[in-house]
Amino acid sequence: MKTEKQLNIKYSVFEGVTDLPKKAQELMQQAIMARENAYAPYSKFKVGAAVRLKNGQIFIGSNQENAAYPSGLCAERVAIYQASTQCPDEEIEMIAISGTAEDPTCYPVSPCGACRQSLSEYETKQKKLIPVYFMGAEGNIIRTASIKDLLPFLFDGSLM
């Protein structure tokens with residue numbers, strides 16, 4: 001017997017950084033600044049990420065490439081691993097991501113699959129949704145209420 005189901009994902013679209021809620025504006029500005037520190041000599045695609053904890057601390061990351069691909073690391077994982085290392089028991093409030101190619105990217109740049117899986121670990125750990133805001137160099141910003149909106153059939157510890 002076959003059952004068909006449909007998956008719907010709800011998300012918000014903001015026209016620019018100034019349209020975001022204040023905390024999200026501040027976090028996205030941090031992600032944009034972090035993007036400028038990306039080391040991307042091979043792909044020429046720079047990404048910055050910022051993670052805001054409930055206590056107000058912000059941790060940033062940028063993608064760091066390596067000639068021995070895949071030895072580099074994405075911005076989202078750099079930022080969230082720093083947050084977890086420095087404040088392992090603090091709740092993650094939200095994440096902001098900004099990415100662009102050499103010619104400014106005007107469409108929202110979402111996390112790659114590996115980052116979605118890594119970010120989902122922290123949402124599962126804290127048992128509370130983590131909103132994700134993502135954008136290109138400019139233009140629209142997408143907000144999802146949860147990392148699960150980006151990775152609906154995630155793999156987590158409950159499967160082990």
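1. Let's start with the active site. UniProt, in an unreviewed entry, puts the "active site" feature at Glu 76. Keep in mind that this is a predicted model, and that the annotation may be inferred rather than shown by experiment. In the model, Glu 76 belongs to helix H2, which covers residues 75-86.

2. Is Glu 76 buried or exposed? Its relative accessibility comes out at 5%, and the cut-off for buried is under 20%, so Glu 76 counts as buried. Setting aside residues up to four places away in sequence, Glu 76 touches Val 47, Ala 49, Ile 97, Pro 111, Cys 115 and Leu 119.

3. Now for the domain around it. The same kind of record, an unreviewed UniProt entry, gives "domain: CMP/dCMP-type deaminase" for residues 22-158. Over that stretch the chain is 29% helix and 22% strand. The C-alpha atoms at the two ends of the stretch sit 36 Å apart.

4. Arg 35 deserves a look too. You'll find Arg 35 in helix H1, residues 22-35. Despite being an arginine, Arg 35 counts as buried, with 7% relative accessibility. Which residues is Arg 35 in contact with, leaving aside neighbours within four places in sequence? The list is Lys 46, Val 47, Gly 48, Ser 98, Gly 99, Thr 100, Gly 136 and Ala 137. Val 47 turns up here and also among the residues touching Glu 76.

5. On aromatics, the count comes to 1 pair. That pair is Phe 14 with Tyr 133: the ring centres are 6.2 Å apart and the planes meet at 40°, so the pair is tilted. Phe 14 is in strand E1 and Tyr 133 in strand E5 (residues 132-135), so to speak two distant parts of the chain linked across 119 residues. Both partners are under cover: Phe 14 counts as buried at 17% relative accessibility, and Tyr 133 is buried at 6%.

6. Last, something on the outside. Leu 7, Ile 9, Tyr 11, Val 13 and Phe 153 make up a nonpolar patch on the surface. Together these residues offer about 570 Å² of accessible area. One of them, Tyr 11, lies in strand E1, residues 11-14. Strand E1 is also where Phe 14 of the aromatic pair is found, so when you have the structure open, it's worth viewing points 5 and 6 together.

Key:
Residues are numbered from 1 along each chain as its sequence is written. This is a predicted model: local features need pLDDT of at least 70, side-chain atom pairs count only at pLDDT 80 or more; totals for chains, interfaces and linings use all residues. Side-chain values use heavy atoms; hydrogens and water are left out. Helices (H or I, at least four residues) and strands (E, at least two) are DSSP runs, numbered from the N terminus. Patches are made of residues with over 30% relative accessible area and no salt bridge: like charges are joined within 9 Å, nonpolar side chains (Val, Leu, Ile, Met, Phe, Trp, Tyr) within 5 Å. Accessible areas come from the Shrake-Rupley method with a 1.4 Å probe; for residues, only the protein chains shown count as cover. A salt bridge is a side-chain nitrogen of Lys or Arg within 4 Å of a carboxyl oxygen of Asp or Glu. Buried means under 20% relative accessible area, exposed over 50%, partly exposed in between (1.4 Å probe, protein chains only). Contact means heavy atoms within 4.5 Å. Rings of Phe, Tyr and Trp (its six-membered ring) pair if their centres lie within 6.5 Å; planes under 30 degrees apart count as stacked, over 60 as edge-to-face and the rest as tilted.
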